[in-house]
Amino acid sequence: VGHSFDAAFAAEFAPLHRYLARRVGTSAADELAAETFTVAFRRWDRLDPERPVRPWLYGIAANALRHHWRKERRMLRAYARTGVDPVFAEEHPEPASRELAAALAELRPDEREILLLHAWAELTDAEIAAALGIPAGTVKSRLSRTREKLRNRLDPVGQEGV
Amino acid sequence: MNTDELLTEFRSEVALPDAATAQRIYALATRGRPRVVARRRLAVALVVVVAGAGAALSSVILTGGTTPRSDGGSHEALFDPGKTLNPGLGATDWSHPGGNLSRSVSSVAEAASDVAFQPVAPPSLGAPTALALDPESGNEQLTRADAQLTIAYADVANGPFWLVERASGATTTDTLAGYAQECDSRRCYGTWTMESLDGGNQGLLIEGPTGSTTAVVWVQNGVYFNVVGPADSFSADQATSVANAVIAAAG
């Protein structure tokens, strides 16, 4: 609703940067956040005043992230293999986290995108749909499938609830 | 710990960026903005981005999350961005629809050949002051499927407002209802409600605070319509009345 670019930057920059840093590390997050807000600034005049800004920004960020999918997967695999998360360059030896890193690396990029927009960016199904330009029903079904895949991967005997 | 909890905790130690990073990236993103304006806005933006970081963290804390701040300090709910930020900072030139990359057209008839829907300009709204064709946000190239027509009006009764039209694409009435349901004061400015319009149509009424906008958005026969004007002069009743005029013309 008539957001100004500055207001949107103020409200969304920090959480968006943190989300990106969780995906691909702080250095790449700087680059991706800069790209996201540069594109947003250039297109600002063309944004419908009523259109929620948050999913629009995460949609731009998702496009920018596509060029980092392989890097993200490499980082997750490296973490799973070594116990050293490249995002921190520190050791995180918890077996469950390493298993999760391996499971995330095995997901298809679009599955990982939807899952992490939901879990880390805390976007609703409707916001994810708006961000990625796909129907909300598709988001819901893919999210459900991906969570089940993750659960089965991490807990093959089905002892845990999600 | 179940899968969802594990996922939430995964890399949750990643800190929010500091103010210097915010300043640097803001400057990068807004390169080319006139310097005087940039300085004034940067000051405002940096004040709120720091507070915004606090608010984001406070929401984590309030919901039981465990995200630590890089300096290890504690957090309080500093402000509610939806109430505190001034959405009127980026003033809209209502006589100039579209952006710098939009293309002016002289009439609805001229626009009709470049869009994937039948554009509507109700005679009862009077003569438009300007028309612009624009790609939908997120698309670099103007294609018929993406093209958006913005018609600017300025009449004695309603003041300036725009009628925005494009092929509805993935946007449905349910999408709009979802926005109405999910937009709270932290995520969206103003009040978002679904309202009954003429002809059995349901529209999203957005009543923004002073300095922002009033809008009615609906989907009719595969076309997305948005009637939007400055909240200071364009009331919800006026927006609804204009929307109903468009609905009648769109038949």
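## A quick tour of chains A and B

Let's start with a pairing in chain B: strand 6 and strand 7 (residues 213–220) run antiparallel to each other, joined over four bridges. Keep in mind that this is a predicted model. Below, we follow that pairing, step to the strand on the other side of the hairpin, and then turn to chain A.

**Strands 6 and 7 of chain B**
- Want a pair of residues to look for? B:Leu204 sits opposite B:Val217, which belongs to strand 7 of chain B.
- As a bit of background, side chains in a regular strand point alternately to one face of the sheet and then the other.

**Strands 5 and 6 of chain B**
- Strand 6 (residues 202–207) of chain B also pairs with strand 5 (residues 191–196) of chain B, again antiparallel, and here there are six bridges.
- One spot to check is B:Thr191, whose bridge partner in strand 6 of chain B is B:Glu207.
- Strands 5 and 6 of chain B form a hairpin with five residues between the strands.
- In that hairpin, B:Gly199 has a positive phi near 70°.

**How chain A is laid out**
- Chain A contains eight helices and two strands.
- Read from the N terminus, its elements go α-α-α-α-β-β-α-α-α-α.

**Inside and surface of chain A**
- Chain A has 162 residues, and 62% of them count as buried.
- Take the contacts in chain A between residues at least 6 apart in sequence: 60% of these join residues at least 24 apart.
- On the outside, chain A exposes about 6400 Å², with carbon and sulfur atoms supplying 47% of that area.

Methods
Residues are numbered from 1 along each chain as its sequence is written. Chains are lettered from A and ligands numbered from 1 in the order in which they are written. This is a predicted model: local features need pLDDT of at least 70, side-chain atom pairs count only at pLDDT 80 or more; totals for chains, interfaces and linings use all residues. Side-chain values use heavy atoms; hydrogens and water are left out. Buried means under 20% relative accessible area, exposed over 50%, partly exposed in between (1.4 Å probe, protein chains only). Contact means heavy atoms within 4.5 Å. Accessible areas come from the Shrake-Rupley method with a 1.4 Å probe; for residues, only the protein chains shown count as cover. Two strands pair if DSSP finds at least two bridges between them.
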